[in-house]
Amino acid sequence: MPTITKALLKSVEQLAWEAGEAIMQIYRRGFSVEFKADKSPLTEADKAAHEVIADGLQMFTPDVPILSEEDTQSFKGANAHGFYWLVDPLDGTKEFIKRNDEFTVNIALIEKGRPVLGVVVAPALKLTYLAAKRLGAFKVDGDGQWQPIMASLPPVAGQPWRVLGSRSHANLRLSAWLGELGKHEIRPMGSSLKACFIAEGNADVYPRFGPTSLWDTGAAQVVVEQAGGRIVTLDNHPLSYATPEQVLNPDFVVWGRSPSPR
Ligand SMILES: Nc1ncnc2c1ncn2[C@@H]1O[C@H](COP(=O)(O)O)[C@@H](OP(=O)(O)O)[C@H]1O
Ligand SMILES: [Mg+2]
């Protein structure tokens, strides 16, 4: 049973960066793109990062099963204590293919349906966010030091909401929701970076009305929650990881340090 310590968080940080290096080698030299059965793109980099992470986690915690976007077949459920690792080895594959740098490595530890430790690395942007229950949320600075981060309070009267949105998933329901939110400005961004930007106070809200899977949100959810924000369903419950045999998330909203305005 893993104990959630700074040492474990540090090991996962290093592992995410090893996967990030594997991704960057492929990013620099060029790659071909395949399409999965659901028509989503897959590159050598997704697979290489998965191998690095799966091998590393297996060494740290041989008794904790792994659910990865690139290997859903071998996952048979959480262990007897309710733990499993949840991994998106390369989130933002479309951004990777477009070469706009907005892709991330995501590793989360789930305990009894809740994410309790998370690391998000954006290797091309040299950004690292990490967090764990009772330890807090941090961004790693240029010297490798963990600097605490905190989400923003909502904008003061008259100021626009700083909204983040997917580059690929705008739709009518989102437009209606934004209409109700009020004055806002939208910045498009790929991958789990959006939630990390909320966690560090660089944006106020990220509504996601389109498909995502558990591995897209698990790691960033720990970062957001430990920074004082929330990732919640439209009826205001934190996203749950209790039924990993059902990998799709419901629609959700990432908020900073504020109650929902509605
Ligand atoms: N039809 C679909 N079903 C499930 N998840 C989807 C999806 N379309 C997009 N996603 C998820 O949305 C992620 C991209 O989000 P964004 O548009 O915010 O960058 C994808 O990450 P991957 O790149 O890891 O596949 C994928 O997990
Ligand atoms: Mg993803």
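**Asp88, its neighbours and the site around ligand 1**

Asp88 touches Glu69, Asn106, Trp215 and Asp216, leaving out residues up to four places away in sequence; contact here is taken as C-beta atoms, placed from the backbone, within 7 Å. This is a predicted model, in which local features need pLDDT of at least 70, side-chain atom pairs count only at pLDDT 80 or more, and totals for chains, interfaces and linings use all residues. Residues are numbered from 1 along each chain as its sequence is written, while chains are lettered from A and ligands numbered from 1 in the order in which they are written.

Asp88 lies in strand S4, and Asp91 is found in strand S4 too (strands are DSSP runs of E with at least two residues, helices runs of H or I with at least four, numbered from the N terminus). With 32 C-beta neighbours inside 10 Å, Asp88 counts as buried, the bar being 20 or more other C-beta atoms within 10 Å of its own, again placed from the backbone. Asp91 is buried as well, with 28 such neighbours. Setting aside residues within four places in sequence, Asp91 is in contact with Phe103, Thr104, Asn106, Ser191, Ser192 and Asp216.

An unreviewed UniProt entry lists Asp88, Asp91 and Asp216 under "binding site"; such annotations may be inferred rather than shown by experiment. These three are spread over 129 residues of sequence, but they cluster in space, with a largest C-alpha distance of 6.7 Å. Also under "binding site", the unreviewed entry gives Glu69, Leu90, Asp91, Gly92, Thr93 and Asp216. That set spans 148 residues in sequence, yet no two of its C-alpha atoms are more than 12.1 Å apart, so the residues gather at one spot.

Glu69 sits in the loop between strand S3 (66-68) and S4 and is buried, with 23 C-beta neighbours inside 10 Å. Beyond four places in sequence, the contacts of Glu69 are Val87, Asp88, Pro89, Ser213 and Trp215. Thr93 belongs to helix H3 and is likewise buried, with 22 neighbours. Past that same four-place window, Thr93 meets Pro41, Leu42, Thr43, Asp46 and Phe103.

As for ligand 1, 17 residues surround it, and Asp91, Thr93, Ser166, Gly190 and Pro211 come nearest (a residue is near if its C-beta atom, placed from the backbone, lies within 6 Å). Strand S4 (83-91) and helix H3 (93-98) are the elements that give two or more residues to this shell. Domain 1 (6-148) and domain 2 (161-255) each supply at least three, the bounds coming from an automatic or database domain assignment.

Terms used
Buried ≥ 20, exposed ≤ 12 C-beta atoms within 10 Å, placed from the backbone. Contact = placed C-beta atoms within 7 Å.
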